Amino acid sequence: MHRYDLISCHDCGVLYRKRPLRPREKARCIRCRSVLYRGSSADLNKVVALTLGAAFVFLIAQFFPIVELDINGLTSSATLLGSIRVLWSEQMQVVATMVFLFTMLFPAIELGSLLYVALGLRMKVRVPGFNRVLRAVQTAREWGMTEVLMIGILITVVKMTSLATVVPQPGLFAFGALTVMLAIVVSFDPKTLWNVGDDLLRASLPGLRYKPLAPGAKVLPCHACGLVAPPVGKGHHLECARCGTPLHTRKPNSISRTWALLIAAAILYIPANLLPVMVTHSLFGAQDDTIMSGVALFWNSGSKGLAIIIFIASVVVPMLKLGTLALLAWTAQRRSRWRPRQRTVLYRMVEFIGRWSMLDIFVVTLTVALVRFKSLAVITAGPGALAFGAVVVLTMLASMQFDPRLIWDPVDDKTRNDAEKNKLAIGEQHV
Ligand SMILES: [Zn+2]
Ligand SMILES: [Zn+2]
């Protein structure tokens, strides 16, 4: 048995033996129903071609103007980088940095690193820094928000049509294409590349890396590369034998860290909603807009659909995230055995929707860059945008700190106790 024949459920920790899947097939955990792995072909040519294409479109999207506004002959256009620069020059350096990281740097790292590793593997080379670069792909993927930006662009376009003539520019189409291409790139699991890299090693060092797993060996799953094997290192400093990620049976201090981040986010949620996210300076003076007044503006101007989207992304989602994470942290702390499967589903939902709250920040970024008609109107970002961005980042960090396996630990302990009481053997090994 190869070590990568085993897989540990990310959400509840049950150990499974993998079997090959057909393309587009999914293997789900029987206990918590989360997706364990997908049937994806390790067709390196396809990965390289797709990533190369996406990288090319990425460059067009980043450096060409996205839209142009035209008010009676006065024009203004915005590129993504230009918009970030405007924010930066207006004392919104933190927000500018966030937008830069989520829409430029992380997607660039994801595409660049994936291309580097996959190209190497295609030439039968395990490139220098293989482990670190491949881990960077996964981190960058968690924080890249191209699809959210794309919706933000569309909302900005609709918003602007009431003010001026909007002329779509190459950047807009490039972002549309990039969103689709990235969705396909993301469907490819980088863990497959670790296995391909191992096959190369195995060919050069026969018999060295792949001792069969001894029965009863103490294993720790690595959720970065997917290996389930005995860890290397001593005491509390255990590492994955393959990719070097620090390993723990459970994320250290998971619950207290989740609480700390949650409380900080809850406090900032107040100024995020009360302070203006945008300030409009026009001939009629300055007008402050909070998130809610922005929603009301859309609603009253007839764009009810947009009002609902922004309301859900900026008000409902953060509140839902705060409430759900608090519930998860509290029940895990009390070692509750209440509805573990439903709580796992809630956790997956929080992880999935987390990034969508950045939507309004992206709309503000583009609006600020577009509406710069000195004689008519200038829009700047307000301090609410900073508080709001911080709430999004803090809740994302909180959900990453929470270890969903803590939901299942009390359930496992009870099963184990009951089994001991009834002198029954436990069929599965829980890690
Ligand atoms: Zn599971
Ligand atoms: Zn690993």
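1. In this predicted model, Cys240 and Cys243 are both buried, and each of these residues also serves as a donor to the zinc ion (ligand 2). The protein donors of that ion are the SG atoms of Cys222, Cys225, Cys240 and Cys243, which lie 2.2 to 2.3 Å from the metal.

2. The geometry of the zinc site is tetrahedral, with angles of 105 to 113 degrees among the four donor atoms. Along the sequence, the donor residues of the zinc ion (ligand 2) follow the spacing C-x2-C-x14-C-x2-C.

3. Two aromatic pairs are found when the whole structure is searched. In one of them, Phe102 and Trp143 are stacked, with 5.7 Å from centre to centre and 15 degrees between the planes. Because Phe102 belongs to helix 3 (residues 93-122) and Trp143 to helix 4 (residues 130-143), this pair ties together parts that are 41 residues apart in sequence. Phe102 is buried at a relative accessible area of 4%, and Trp143 also counts as buried, at 11%.

4. Tyr347 and Phe402 form a tilted aromatic pair, with 5.7 Å centre to centre and 45 degrees between the planes. Tyr347 lies in helix 11 (residues 340-353), whereas Phe402 lies in the loop between helix 13 (383-401) and helix 14 (405-421), so the pair ties together parts that are 55 residues apart in sequence. Tyr347 is buried, with a relative accessible area of 0%, and Phe402 is likewise buried, with a value of 0%.

5. Two lysine placements over aromatic rings may be added. The charged end of Lys18 sits over the ring of Tyr37, 4.9 Å from its centre, while Lys304 lies over the face of Trp299, at 5.1 Å from the ring centre.

How values were computed
Residues numbered from 1 in each chain as written. Chains lettered and ligands numbered in written order. Predicted model: local features only at pLDDT ≥ 70, side-chain atom pairs only at ≥ 80, totals over all residues. Heavy atoms only, no water. Donors = N, O, S within 2.8 Å, 3.2 Å for Na, K, Ca; no water. Tetrahedral: all angles 85-135°; square planar, octahedral: opposite > 155°, others 65-115°. Buried < 20%, exposed > 50% of the residue type's maximum accessible area, 1.4 Å probe, protein only. Phe/Tyr/Trp six-rings, centres within 6.5 Å; stacked < 30°, edge-to-face > 60°. Helix = DSSP H or I, 4+ residues; strand = E, 2+ residues; numbered from the N terminus. Lys NZ or Arg CZ within 6 Å of the ring centre and 35° of its normal.
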